[in-house]
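Open the model in a viewer and keep the sequence panel beside it. The stops below each begin with a selection.

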Amino acid sequence: MKILFFIILSFFLFTNSYSIEILDCSKETSYIKKLNCKAKNLKAKLNEKQAETKEKISNKAKELKAKVENK
């Protein structure tokens, strides 16, 4: 159980810097700038999903800890 706690704690400590801002790529004129803009948007979506997954893991860990403590 301690290992699970430390894994979850490490997720929160090492990956707190992310951006969820989606940029408008239609204004970019250069192909390279459009490509970079789309890459940033993909990263933002990934970071959003990562945050959701971390929240789910945290909730499950709390539930499991409560079950273990009740036994």
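The tour goes from the whole chain to a disulfide, a surface patch and the salt bridges.

**Whole chain**

Start with everything selected, and keep in mind that this is a predicted model. In a cartoon view, the protein shows 2 helices and 0 strands. Switch to a surface view: the protein exposes about 6,400 Å², and carbon and sulfur atoms supply 61% of that area. Buried residues account for 13% of the 71 residues. If you draw contacts between residues at least 6 apart in sequence, 55% of them join residues at least 24 apart.

**Helices and the loop**

Select residues 2–14 for helix 1, then residues 31–70 for helix 2. The loop between helix 1 and helix 2 contains C25, which is part of the next stop.

**The disulfide**

Select C25 and C37 and show their side chains as sticks. How far apart are the S atoms of C25 and C37? The S to S distance is 2.1 Å, and the pair forms a disulfide. A search of the whole structure finds 1 disulfide. Because C25 sits in the loop between the helices and C37 in helix 2, the pair ties together parts that are 12 residues apart in sequence. Set a dihedral about the S-S bond: the value is -90°, and the link is left-handed. Are C25 and C37 buried or exposed? Both C25 and C37 are buried, so each has under 20% relative accessible area.

**From C25 to L35**

Keep C25 selected and add L35, which is found in helix 2. Draw a line between their C-alpha atoms: the separation is 8.6 Å, for residues 10 apart along the chain. C25 is buried, whereas L35 is partly exposed, with a relative accessible area of 47%.

**The nonpolar patch**

Stay on L35 and add Y31 and I32 to the selection. Which kind of surface patch do Y31, I32 and L35 make? The patch is nonpolar and covers about 370 Å². L35 can belong to the patch because its relative accessible area is 47%, and patch residues need over 30%.

**Salt bridges along helix 2**

Next, show the charged side chains of helix 2. How many salt bridges does the structure hold? The structure holds 2.

Begin with K49 and E52. Their closest N and O atoms are 4.0 Å apart, and the two residues form a salt bridge. K49 and E52 are separated by about one helical turn because they are 3 residues apart in helix 2. K49 counts as exposed, at 52% relative accessibility, while E52 counts as partly exposed, at 35%.

Now move to K60 and E63. E63 forms a salt bridge with K60, with 4.0 Å between the closest N and O atoms. Both residues lie in helix 2, 3 residues apart, about one turn of the helix. K60 is exposed, with a relative accessible area of 52%, and E63 is partly exposed, with 44%.

**Last view**

To finish, display the selections together. Helix 2 holds C37 of the disulfide, L35 of the nonpolar patch, the K49 and E52 pair and the K60 and E63 pair.

Key:
Residues are numbered from 1 along each chain as its sequence is written. This is a predicted model: local features need pLDDT of at least 70, side-chain atom pairs count only at pLDDT 80 or more; totals for chains, interfaces and linings use all residues. Side-chain values use heavy atoms; hydrogens and water are left out. Helices (H or I, at least four residues) and strands (E, at least two) are DSSP runs, numbered from the N terminus. Buried means under 20% relative accessible area, exposed over 50%, partly exposed in between (1.4 Å probe, protein chains only). Contact means heavy atoms within 4.5 Å. Accessible areas come from the Shrake-Rupley method with a 1.4 Å probe; for residues, only the protein chains shown count as cover. Patches are made of residues with over 30% relative accessible area and no salt bridge: like charges are joined within 9 Å, nonpolar side chains (Val, Leu, Ile, Met, Phe, Trp, Tyr) within 5 Å. A disulfide is a pair of cysteine sulfur atoms within 2.5 Å.
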